[in-house]
Amino acid sequence: MEIVILAVIIALVAVGLISGLVVSSRKKKQLPPSAPSSTPTITPPAEPHVGEEAEAPRDEARRTIEEAGTPVGEAPVVIEPEVPALEVPEPTAGRLVRLRTRLARSQNSLGKGLLTLLSRDNLDEDTWEEIEDTLLTADVGVAPTQELVERLRERVRILGTRTPDGLRALLREELVALLGPDLDRAVRTEGGAETPGVVMVVGVNGTGKTTTTGKLARVLVADGRSVVLGAADTFRAAAADQLQTWGERVGARTVRGPEGGDPASIAFDAVKEGIAEGADVVLIDTAGRLHTKTGLMDELGKVKRVVEKHGPLDEILLVLDATTGQNGLVQARVFAEVVDITGIVLTKLDGTAKGGIVIAVQRELGVPVKLIGLGEGPDDLAPFEPEAFVDALIGD
Ligand code: GDP
């Protein structure tokens with residue numbers, strides 16, 4: 001009798017346990033999809049899939065909503081999440097290699113042009129002059145051109161290199177040497193113990209400054225950093241909206257003020273927001289009016305001083321449009337006199353045959369090119385790597 005009672009109790013407990021499990025697993029399924037948060041969240045960078053568009057999070061959200069909310073037998077109602085799905089920017093490693101074909105114009109006139117000339121049977125005085133002209137036309141600059149031609153002449157003479165492969169290797173070596181392969185090209189974003197890294201982006205309006213700031217935010221997000229944007233270009237009407245859109249795509253908040261407002265106070269607030277959020281990096285887009293040098297100096301100087309009340313700036317990046325050639329160099333000079341440029345971003349290298357500007361501008365400012373823009377796409381900003389750049393120019 002006791003055994004029978006015991007068996008009944010065990011059976012009841014077992015049934016209870018099993019039904020409990022079923023209920024709890026159902027409960028889990030019925031949990032509503034997590035409500036979209038009002039603060040932007042940052043999707044960690046996914047596995048590197050070159051060129052992949054980030055539709056996955058949106059689909060996943062939709063599936064969860066469908067699973068949770070559809071009563072049996074009814075057609076599924078698709079509810080779009082209120083917050084647009086965040087994009088997953090492409091990883092930064094290898095971007096230049098991916099974008100190398102964008103340098104096609106520079107490749108044809110500079111790289112291929114030089115190789116063709118060097119391969120002539122008779123490397124006479126006229127040919128060397130043509131080589132010099134090719135370099136000058138590609139905006140390499142007078143001094144670097146003369147140095148390069150001298151080095152090439154000497155090495156061809158001493159080594160007697162005449163084979164196409166030998167000449168290509170020689171040219172590659174000399175071009176890479178001219179680009180300063182050992183320069184530190186990392187974009188500094190370490191910041192202080194309690195403060196985020198602060199990067200100020202300067203340049204003349206129209207060079208691609210705002211676009212570059214947006215692309216740079218993606219580069220940082222791709223590298224796992226959280227970003228706050230400061231829309232301190234209050235001069236150009238659409239700049240703040242443009243920057244905000246860039247930020248929203250990757251979950252970076254944008255601090256902005258009224259059109260024509262004080263850029264310095266926006267920059268100050270952006271860093272304050274960055275500190276409050278515990279963000280890793282604050283990127284500040286500035287206005288670049290070359291009205292007068294004093295005007296520019298006053299404006300950028302003030303932004304810098306005010307931002308530095310929070311702590312030192314990590315980088316001041318100068319954005320230059322590669323298609324503007326000598327004019328770009330003049331701009332570079334003016335900005336370098338106004339603020340301490342720590343790195344150069346050369347944009348629109350996809351639209352010019354004058355890739356040599358990379359060499360000229362580094363020489364001019366004594367500051368490394370850190371990033372290059374190779375298109376209008378969101379991930380068309382690549383860390384600059386001398387070897388990969390030269391390989392793209394002359395083919396490997
Ligand atoms: P800002 O006035 O300096 O802030 O200029 P914007 O960021 O608005 O850019 C001006 C134009 O240049 C836009 O149409 C951009 O898409 C374009 N642009 C920026 N960077 C690049 C690049 O690397 N390649 C190309 N082809 N266009 C670019």
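User: What makes S2 and S3 a pair of strands, and in which sense do they run?

Analyst: In this predicted model, three bridges join S2 to S3, and the two strands run parallel. Two strands count as paired if at least two bridges are found between them, so S2 and S3, with three bridges, qualify as a pair. One of the contacts across this pairing sets Leu229 opposite its bridge partner Thr254 in S3.

User: How do you know which strand S2 pairs with besides S3, and how many bridges join them?

Analyst: S2 is joined to S4 by six bridges, and these strands run parallel; Ala232 stands opposite Thr286 in S4.

User: Why is S3 called an edge strand?

Analyst: Eight strands form an open sheet of mixed pairing, in the order S3-S2-S4-S1-S5-S6-S7-S8. Strand S3 (253-255) and strand S8 (381-383) each have a single partner strand, so one side of each is left without a neighbour in the sheet, and they stand at the edges. From one strand to the next, the twist averages 25°.

User: What makes S2 a mostly covered strand?

Analyst: A residue is called buried when its relative accessible area is under 20%, and six of the six residues of S2 (residues 227-232) are buried. Both faces are covered, with Val227, Leu229 and Ala231 buried on one side and Val228, Gly230 and Ala232 buried on the other. In a regular strand the side chains alternate between the two faces of the sheet.

User: What pairs S5 with S6, and which helix packs on the sheet and touches S5?

Analyst: Strand S5 (residues 315-321) and strand S6 (residues 343-347) pair in the parallel sense over five bridges, with Leu317 standing opposite Gly343 in S6. Helix H11 (residues 293-307) packs on the sheet, where it touches strand S1 (197-202), strand S4 (281-286) and S5, and the direction of H11 makes about 175° with that of S1.

User: How do you know that the end-to-end span of helix H4 agrees with its number of residues?

Analyst: At 1.5 Å a residue, the 15 residues of H4 (residues 104-118) should span 21 Å, and because the end C-alpha atoms are 20 Å apart, the two values agree. H4 nevertheless bends by about 30° at Lys112.

User: Which residues of H4 are buried, and what do they pack against?

Analyst: The buried residues of H4 include Ser106, Gln107, Leu110, Gly111 and Leu114, and the buried residues of this helix pack against helix H5 (125-137), helix H7 (164-178) and helix H14 (386-394).

How values were computed. Residues are numbered from 1 along each chain as its sequence is written. This is a predicted model: local features need pLDDT of at least 70, side-chain atom pairs count only at pLDDT 80 or more; totals for chains, interfaces and linings use all residues. Side-chain values use heavy atoms; hydrogens and water are left out. Helices (H or I, at least four residues) and strands (E, at least two) are DSSP runs, numbered from the N terminus. The expected span of a helix is 1.5 Å times one less than its number of residues. The bend at a residue is the angle between axes fitted to the seven residues ending there and the seven starting there. Buried means under 20% relative accessible area, exposed over 50%, partly exposed in between (1.4 Å probe, protein chains only). Contact means heavy atoms within 4.5 Å. Axes are lines fitted to C-alpha atoms, for helices over the stretch in contact, and angles run from 0 to 180 degrees between N-to-C directions.
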